[in-house]
Amino acid sequence: MSSSPTSPTAATDPDWWRTAVVYQVYPRSFADSNGDGIGDLGGLLSRLPYLAELGVDAIWLSPFYPSPLADGGYDISDYRDVDPRLGTLADFDRIVTTAHGLGIKIIVDIVPNHTSDQHPWFREALASPVGSPARDRYIFRDGTGPDGATPPANWVSHFGGPAWERTDDGQWYCHLFAKEQPDLNWENPQVRQYFKDTLRFWADRGVDGFRIDVAHSLAKDLSHPLRDQPNLDRSLPLDGTDPLYDREEVHTIYQEWREVFNEYDPPRMAVAETWSPANERTYLYARPTELGQVFDFSLLKSEWGADRFRAVIDQAIAGHAGTGGGLTWVLSSHDVPRHASRLALPEGTDPDEWLNTDGRHPVLDAHLGLDRARAATLMMLALPGSPYLYQGEELGLPEVPDIAHEALQDPVWERTGHALKGRDGARVPLPWTRTGTSFGFGDDGAWLPQPPAFGELSVEAQDGVEGSTLEMYRQALRLRRNHPGLRGSDFAWTEAPSQCLSFDRGPGFRCVVNLSDICVPLPDDAQVLMASNRLADGQLPPNHTAWLTIP
Ligand code: GLC
Ligand code: CA
């Protein structure tokens, strides 16, 4: 199979990101080049041809910056360097050049809500007096109650417990994530300048875009006294009234960043991460005057079901219609259980509860999970917009629910007092070969244990094997790039059997998804371009998707 680099015209198309297939690399778990058990930039460099052959348009690299790893690299101690365990800036430059040569763009992660507690700014803040300019870069406050022993407000950490930590001199600082991730004060002009210069630092090195971590939390209501969060239920959509999230002022920051992106030719792209149920406010981050894209996690949060998928797709398309932003789709990421497992959970099961049983209650039907994952993926890849893939989903990797408690690394595990296992099960290092101490991830072990079943899911086991998940992804991405019916933004539902979805894209292209539990016939005049699995006597089996040409 040959890779097909994008044409020179496509390479400079300023709107390339609107339809790009983006592949997320979690560097520590991708490929290890020096046998220390930690994936690194050398490993990624050596596997770029694999990604070119897979057919992705861009790679989004989760943080590879110097980090004490209190939160898997999302705690950054230097925003403009590479963690020495992962490589050097020269290695990074080699990745950019090589990827570009293969027609692949590079997107890097920007984490502006918080730094590491080992960042020089935070060390300086701790060493400086109360009320000093060094402290003003973060959110330090006196506590309330007798002796100031009660946190300044009711704000809670995403990882469990209060969002406040007390320092030796009695003040408290805010951390919406781990205590090793102090939140920055975005009203401070130095903070604002630092991040604009950081964007330029990476854009000057040739990166094509940015993924903005917790993009909706930078602008906080810091009026005195601090306001409590009126509602701590994260399952509800935001409405602009929370003191921490999705405040109107946050958009000014991204308007300023847009000016930075537009200093480049083509303008750099960006995608916002905002974790809250998507609503019309979510899509505002994707306005062309701001970031251009915002992750739509509705598909990733949706359970299996025709009505559910349809509602999610309708909402996303309608929601973007007025804003000019680009559509995105996500089924898996480093933050949630992999969709090959999630979609096999019985209806109404909370994935975290299942993880808490180490995957024993219920024991999942791996076949069903994989069938549904492949069907959902093929549906996603037929939608207009930009799908984000997470490393290993092209192998059909399941969530690893039974990592030994002693081996867990996610801060969620400790901070919740072992009530939640966290996200390690989606971060287990990739299997490249059938055998070997870490299935070809590196020459030695892997920083999280891999289950024996990973061998038969490895790249080696699937490469060139007809019907494998890897070959399904390759074929779908090839067609997506070449089929005229998959270009453009046309989309229309067509009539479908009960519990099935059917939609048309551009000229002659139709996608049919069977979410029912019986085989369904395909339209008489259709020709099958590909399917997520074998058809049964020309019929589409349950949990399958087909791409069709229609006259
Ligand atoms: C985002 C990242 C997640 C990280 C958090 C704090 O949600 O995706 O992995 O823990 O931000 O930076
Ligand atoms: Ca390594």
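This is a conversation between a trainee and a mentor about reading features in a predicted model.

Trainee: Where does UniProt place the glycosyl hydrolase family 13 catalytic domain?

Mentor: The unreviewed UniProt entry puts "domain: Glycosyl hydrolase family 13 catalytic" at residues 24–427. In this predicted model, that span is 29% helix and 10% strand, and its end C-alpha atoms lie 12 Å apart.

Trainee: Let's go to the metal. Which protein atoms are the donors of the calcium ion (ligand 2)?

Mentor: To read a metal site, list the donors and then look at their spacing along the chain. Here the calcium ion (ligand 2) has Asp-32 (OD), Asn-34 (OD1), Asp-36 (OD), Ile-38 (O) and Asp-40 (OD) as protein donors, at 2.2 to 2.4 Å. Their spacing in sequence is D-x1-N-x1-D-x1-I-x1-D.

Trainee: Is Asp-40 buried or exposed?

Mentor: Asp-40 counts as buried because its relative accessible area is 3%, under the 20% limit. Asp-36 has a value of 37%, so this donor is partly exposed.

Trainee: How many aromatic pairs are there?

Mentor: A ring pair is read from the distance between centres and the angle between planes, with over 60 degrees counting as edge-to-face. The count comes to 34 aromatic pairs. One of them is Tyr-50 with Trp-432, edge-to-face at 4.9 Å centre to centre and 75° between the planes. This pair links distant parts of the chain, 382 residues apart: Tyr-50 belongs to helix H2 (residues 41–54), while Trp-432 is in the loop between helix H13 (411–415) and helix H14 (459–462). Tyr-50 is buried, with a relative accessible area of 9%, and Trp-432 is buried too, at 4%.

Now take Tyr-254 and Trp-257, an edge-to-face pair with 5.2 Å between centres and 80° between planes. Both residues lie in helix H7 (residues 250–261), 3 residues apart, which is about one turn of the helix. Tyr-254 and Trp-257 are both buried.

Trainee: Which residues do ring pairs link into a cluster with Tyr-254 and Trp-257?

Mentor: The cluster also takes in Tyr-79, Trp-121, Trp-186, Tyr-194, Phe-195 and Tyr-285.

Trainee: And where does a charged end sit over a ring?

Mentor: For these contacts, look at the charged group against the ring face. The charged end of Lys-105 sits over the ring of Trp-16, 5.1 Å from the ring centre. Arg-135 lies over the face of Phe-140, with 4.6 Å to the ring centre.

Trainee: Now the strands. Which way do the residues of strand E8 point?

Mentor: Sort the side chains by direction. In strand E8 (residues 269–272), Met-269 and Val-271 point one way, Ala-270 and Ala-272 point the other way, and all are buried. Next, look for the neighbours. Strand E7 (residues 209–212) pairs with E8 in the parallel sense over 4 bridges, with Ile-212 standing opposite Ala-272. Strand E9 (residues 292–294) also pairs with E8 in the parallel sense, over 3 bridges, and Gln-293 in E9 is the bridge partner of Val-271. Helix H7 comes back here too: E7, H7 and E8 make a right-handed β-α-β unit.

Trainee: What is unusual in the loops around H7?

Mentor: Check omega and phi. The His-224 to Pro-225 peptide bond is cis, with omega near -5°, and Pro-225 lies in the loop between E7 and H7. The bond from Asp-265 to Pro-266 is cis as well, with omega near -5°; Pro-266 is in the loop between H7 and E8. Val-214 has a positive phi of about 35° although it is not a glycine. Val-214 lies in the loop between E7 and H7 and is buried, at 3% relative accessibility.

Trainee: What is the strand order in the open sheet of 5 strands?

Mentor: The order is E12-E13-E14-E18-E16, with antiparallel pairing. Strand E12 (492–493) and strand E16 (527–531) are at the edges because each has a single partner strand, which leaves one side of each without a neighbour in the sheet. E16 joins strand E18 (residues 544–549) through 4 bridges, running antiparallel, and Met-530 stands opposite Trp-547. Beyond E16, in the loop to strand E17 (539–540), is Asp-537. Its phi is near 50°, a positive value in a residue other than glycine. Asp-537 counts as exposed, at 81% relative accessibility.

Methods
Residues are numbered from 1 along each chain as its sequence is written. Chains are lettered from A and ligands numbered from 1 in the order in which they are written. This is a predicted model: local features need pLDDT of at least 70, side-chain atom pairs count only at pLDDT 80 or more; totals for chains, interfaces and linings use all residues. Side-chain values use heavy atoms; hydrogens and water are left out. UniProt positions are given in the numbering used here, feature names are shortened, and annotations may be inferred rather than shown by experiment. Helices (H or I, at least four residues) and strands (E, at least two) are DSSP runs, numbered from the N terminus. Donors are N, O and S atoms within 2.8 Å of the metal (3.2 Å for Na, K and Ca); water is not among the atoms, so sites may look incomplete. Buried means under 20% relative accessible area, exposed over 50%, partly exposed in between (1.4 Å probe, protein chains only). Rings of Phe, Tyr and Trp (its six-membered ring) pair if their centres lie within 6.5 Å; planes under 30 degrees apart count as stacked, over 60 as edge-to-face and the rest as tilted. A charge sits over a ring if NZ of Lys or CZ of Arg is within 6 Å of the ring centre and within 35 degrees of the ring normal. Two strands pair if DSSP finds at least two bridges between them. A crossover is right-handed if, with the strands pointing away from the viewer, the path from the first strand over the helix to the second runs clockwise.
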